Amino acid sequence: MAELLRMPEVAANTTEAVLVSWNVGVNTPYAVGDPIVTVETEKAVVEVEAESDGVLLRLLADAGSTVAVGEPIAAWGKPGESSSEVDALVDALGTGQAPVTASTTPAQTQAQDAPATRAGAVVAPALTDAAPDGGGERLFASPLARRLARASGVDLNAVVGTGPRGRIRRADIEAVLAGPGRPEETSSADAPVEIHSTRSPVTAPRFVDVPNSRMRGAIARRLTESKQNTPHFYLRAGARVDALLALRQQINAGQGVRVSINDLLVKAIASAHVSVPAMNVQWNDTSVRHFSDVDIAVAVATDGGLLTPVVRGVDSLSMSGVAAATRDLIDRAKERRLRQDELEGGTISITNLGMYGTEDFAAIINPPQAAILAVGAVRQEAVVEEGAVTVASVLRLTLAVDHRSVDGATAAQWMKAYVDVLEHPLRILL
């Protein structure tokens, strides 16, 4: 008997997700546990596994579609199900959605009207768009294509769509803009201004609005909420890290996993959390939650925006274990292959802009975590030691702390412990 496959709630409080790709074709049998569809939340790409053996009988949502949680995305059942039974099942939905034909392969389905890369969000295509003037034939165009057309002055009625059912895609608009028939700008603001000057005529500024991805929207919303609702306070310190740099060089002289400066900094956070356990907390509306294990989020810059995967149990990992776990999360973050649970939890984040030459900066806390440590570049500086001026490698640190869960004195004790570990780095290996 044919049944409906619905968009699952792949993460807590998720209301919708993008259907990235179908991993099996129509009428192709699959087994329980096989990944049959890949969906994308605001920050993670998740493969949805089959709960039982079966076959996809009809696809009800294209790759690239944004689908609300609980809405049907396919009909499935056993091989040989009658088409009339599937038709009745789909007709009962009353959705009016046009199914994807069985001749569409998974690769073709994934490519249809998916205007963004893996690092960005996929914009949902419009399955039935009305004509621009409100009458006449329906004009099929993705929302991204419509926005790009409006911004560039392209008449959609003159564009030939190459997507399914003739839908106009972003690539079609870009092809028009790149071709010799690019429409002329009609804004009166582009007309030369009559002025008595030797300067060039004044023209309106040229720009293109790039629609925000789902990830960019999520980042904007969460950071705005954090800055508005979380009472930040900041501590700044400088640490002499000559011994730390020497330790890294010695570790990497072996044949094991190569350790980065950031790996050492992450492990040092765990050491400081063990020394000052009052920092290893999260804020809740009714309590401050204290943790026994130290889970640390590591900020990773991707093409689509910032992700903060969490390294679990850093306090119990070896130095090589921290390096391996961090490298794995960073690699998969850049490929958008993180699971949702790998982006949740932790009591502190670390964000490092030292590789870009940034000396000092402050970051925004990722709730419900208690703090975020911003790390700058290592600089050669003059320091005073026993009354004499000498040159040392100094690392600038800025700790942003949630004052609801951590008091200033506690944060100061933690910063002192952290600097002490960096300046005596053998303690990191204990």
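## A pocket and two open sheets in a predicted model

In this predicted model, the lining of the second largest pocket draws at least two residues from each of α7 (261-275), β13 (300-302), α8 (319-334), β16 and β17 (371-385). The largest share, five residues, is supplied by α8. In total 31 residues line this pocket, and those nearest its centre are Asn262, Ala299, Ile330, Asn352 and Met355. The space in the second largest pocket comes to about 650 Å³, and its lining divides by class into 19 nonpolar, seven polar and five charged residues.

Two of the elements that contribute to this lining, β16 and β17, also belong to an open sheet of six strands, whose order is β9-β18-β17-β16-β12-β15 and whose pairing is mixed. At the edges of this sheet stand β9 (232-240) and β15 (310-311), each of which pairs on one side only. Within the sheet, β16 and β17 run parallel to each other and are joined over five bridges, with isoleucine 348 standing opposite alanine 371 in β17. Helix α7 packs on the sheet, where it touches β12 (296-298), β16, β17 and β18 (388-402), and its direction makes about 150 degrees with that of β16.

Another open sheet has four strands in the order β5-β4-β2-β7, and here the pairing is antiparallel. Because β5 (45-49) and β7 (66-68) stand at the edges with a single partner strand each, one side of each is left without a neighbour in the sheet. On average, and with direction ignored, neighbouring strands of this sheet are turned by 40 degrees against each other. Strands β2 (residues 16-22) and β4 (residues 35-40) pair in the antiparallel sense over four bridges, and leucine 19 has valine 39 in β4 as its bridge partner.

The confidence of the prediction varies along the chain: the mean pLDDT is 81, and 80% of the residues reach 70 or more. Among the elements, strand β16 (residues 348-352) has the highest mean pLDDT, 98, whereas helix α2 (residues 106-111) has the lowest, 38. Two stretches with pLDDT under 50 are set out below, together with their contacts beyond near neighbours in sequence.

| Stretch | pLDDT | Contacts in the model |
|---|---|---|
| Residues 95-136 | under 50 | 99 contacts beyond four places in sequence |
| Residues 181-199 | below 50 | 20 contacts beyond near neighbours in sequence |

Where pLDDT is low, the predicted coordinates should not be read in detail.

Technical notes: Residues are numbered from 1 along each chain as its sequence is written. This is a predicted model: local features need pLDDT of at least 70, side-chain atom pairs count only at pLDDT 80 or more; totals for chains, interfaces and linings use all residues. Side-chain values use heavy atoms; hydrogens and water are left out. pLDDT is the predictor's confidence in each residue, from 0 to 100. Contact means heavy atoms within 4.5 Å. On a 1 Å grid over the protein atoms alone, a cavity is a set of points where a 1.4 Å probe fits but cannot get out, and a pocket is an open set with protein on both sides within 12 Å along at least five of seven lines; lining residues have an atom within 4 Å of a point. Grid points are joined across faces, edges and corners, and a volume is the space filled by probe spheres set on the points. Ala, Val, Leu, Ile, Met, Phe, Trp, Tyr, Cys and Pro count as nonpolar, Asp, Glu, Lys and Arg as charged, and the others, Gly among them, as polar. Two strands pair if DSSP finds at least two bridges between them. Axes are lines fitted to C-alpha atoms, for helices over the stretch in contact, and angles run from 0 to 180 degrees between N-to-C directions.
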